[in-house]
Amino acid sequence: MAGLYIHIPFCRSKCAYCDFYSLPVGSILKKDPGSLSKYLKAILTELEMRAVEINEPISTIYIGGGTPTSVPMPELTDFISSITKKTAAINRRFQISEIMEFTIEANPEDISRETIDSLRKSGIDRISIGIQSFETAQLEAVMRRHDSNTSLRALAALKDSGINYSADLIYGLPGQSLDSWSSQIRTLLDFEPPHFSAYLLSYEPGTRLYAQKERGRVNEADEQTACRMYDILIKSASDRGYDHYEISNFSRPGMAAKHNSSYWNLTPYLGLGCSAHSFDGNNRRINPASLVSYMKALDCDKKTLPFIEEEETAINKVNDYIITSLRTSAGLSVPMIIKKWGDTIATEVRTNLSPFCATGGLTPLGDDCYRIPEQLWLKSDSIIRDAILEAD
Ligand code: SF4
């Protein structure tokens, strides 16, 4: 089984903490009113050209960004229908046509019963919504465009529609107290979402928030506060019956995100659009994080593939696996390492892991599998740093 990821890089404005590749949709359209249509067409061309890279049926599709729902709805749903049809055609090669999960990211200001119904008709069966907070002051502090009421209305519409959905929250926001964070989680979980994600706010160089911190205008949550917020998060989720299956992801039993889970278990995926990454099970391909370069390659008579290929050493591949697997409840499987990279590498990994097994930093799960206990996931970086293998 393989995944398909599609990147829509347009947003209505830039959030203060965001370091994703995203472009202001207003200015793009002002320069060239046809630019969104040309971009979506280029993605369909890229899919046709790269279909040969897929050696397994596509079982999950994820449209992320950016803000995919910043594309006007009729254009967006036409595009989704085309992706659905083209994917079905690709899958016919394997005599399987079923797509198990088709997710789109959306912002609360774009979600209503009408938009949900239109998205569903085009093939979408899961919506991932960026709620981030239910307090308007916190949303304003990081320059989100929506307010508290919009978050509540969007969640009510999702719940009412019966569609599968996930909601994102951020903790450690400027001005967020422990009580406020508890109340954010309570508010979200009262909607009983099938899935939610919670991320600790990070201050990435180059973002407006980072500059504000450097000038002393905002304070980053200190480590103790971040840990207490994390403790509140995992307790609240467990009290309400959620599985904490990855450091930032929680689901009702059986509702874990299929597409995102594939990133953690080495499932191949094809990434389309600017800045998208692909993984064929061995090597990674990266599309340019530039609309101009991407369009130059695909929107011309001599269509060319935009990606560059990253030659990965076996050590890099094992380390990618160690980093991602140790952030999941399924943990790291030594038999999987033996199967993919051989006994010598597996012995090195075991050697690196053994001190943590002795001190409780890692828990054996049986069958030569290991995980970091849930309480330590927020500090998993320090364990992972010592667990990864050194390059030759
Ligand atoms: S909406 Fe999402 S992708 Fe767009 S700027 Fe905000 S955080 Fe970044």
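# Briefing on a predicted protein model with a bound ligand

Among contacts in the protein between residues at least 6 apart in sequence, 70% join residues at least 24 apart. The model is a predicted one, and the protein in it has 15 helices and 17 strands. With 392 residues, a compact globule would be expected to have a radius of gyration near 21 Å, and the value for the protein, 21 Å, agrees with that. The C-alpha trace spans about 60 × 50 × 45 Å along its principal axes, and 53% of the 392 residues count as buried.

**Ligand surroundings**

- The ligand is surrounded by Cys11, Ser13, Lys14, Cys15, Tyr17, Cys18, Gly66, Thr67, Asn107 and Arg144.
- Sorted by class, this shell comprises four nonpolar, four polar and two charged residues.
- Gly66, one of the residues around the ligand, is placed in the loop between β4 (58-65) and α3 (73-92), and the peptide bond that leads into it from Gly65 is cis, with omega near 20°.
- Tyr17 and Arg144, which also belong to the residues around the ligand, are both touched by Gln132, a residue whose further contacts, not counting residues up to four places away in sequence, are Leu139, Asp168, Leu169, Ile170 and Leu173.
- Gln132 itself has its place in strand β6 (residues 126-132), and it counts as buried because its relative accessibility is 7%, where the limit for buried is under 20%.

**Backbone features that depart from the usual**

- Most residues other than glycine have a negative phi, and most peptide bonds are trans.
- Met143 is not a glycine and yet has a positive phi of about 60°; the residue sits in the loop between α5 (136-141) and α6 (148-161), where its relative accessibility of 32% makes it partly exposed.
- Asp367 likewise has a positive phi, near 55°, in a residue other than glycine; this residue is found in the loop between β16 (363-366) and β17 (369-371), and its relative accessible area of 70% puts it in the exposed class.
- The cis peptide bond from Gly65 to Gly66, already mentioned above, belongs under this heading as well.

**Packing of helices α13 and α14**

- Two packed helices are described by the angle between their axes and the distance between the axes.
- For helix α13 (residues 334-341) and helix α14 (residues 343-359), the angle is about 145° and the axes are 7 Å apart, with α13 passing α14 in a right-handed crossing.
- On the α13 side the contact involves Val334, Ile337, Ile338 and Trp341, and these residues meet Asp343, Ile345, Ala346, Val349 and Arg350 in α14.
- The residues of this contact of α13 with α14 divide into seven nonpolar, no polar and two charged.

**Individual positions in helices α1 and α15**

- Ile28 lies in helix α1 (residues 25-31) and is buried, with a relative accessible area of 14%.
- When neighbours within four places in sequence are left aside, Ile28 is in contact with Phe10, Leu23, Ser35 and Leu291.
- Ile28 and Gln95 are 67 residues apart in sequence, and their C-alpha atoms are 41 Å apart in space.
- Ser380 is found in helix α15 (residues 380-387), and its relative accessibility of 1% means that Ser380 counts as buried.
- Apart from its neighbours within four places in sequence, Ser380 is in contact with Ile247, Arg327 and Ile372.

**An exposed loop glycine**

- Gly175 is located in the loop between β7 (164-171) and α7 (178-190), and it counts as exposed because its relative accessibility is 77%, where exposed requires over 50%.
- Gly175 and Gln138 are separated by 37 residues in sequence, while the distance between them in space, C-alpha to C-alpha, is 6.7 Å.

Terms used:
Residues are numbered from 1 along each chain as its sequence is written. This is a predicted model: local features need pLDDT of at least 70, side-chain atom pairs count only at pLDDT 80 or more; totals for chains, interfaces and linings use all residues. Side-chain values use heavy atoms; hydrogens and water are left out. A residue is near a molecule or strand if one of its heavy atoms lies within 4 Å of it. Ala, Val, Leu, Ile, Met, Phe, Trp, Tyr, Cys and Pro count as nonpolar, Asp, Glu, Lys and Arg as charged, and the others, Gly among them, as polar. Axes are lines fitted to C-alpha atoms, for helices over the stretch in contact, and angles run from 0 to 180 degrees between N-to-C directions. Helices (H or I, at least four residues) and strands (E, at least two) are DSSP runs, numbered from the N terminus. A crossing is left-handed if the near helix is turned anticlockwise from the far one by less than a right angle, and right-handed if clockwise. Contact means heavy atoms within 4.5 Å. The radius of gyration is taken over C-alpha atoms; the globule rule is 2.2 Å times the number of residues to the power 0.38. Buried means under 20% relative accessible area, exposed over 50%, partly exposed in between (1.4 Å probe, protein chains only).
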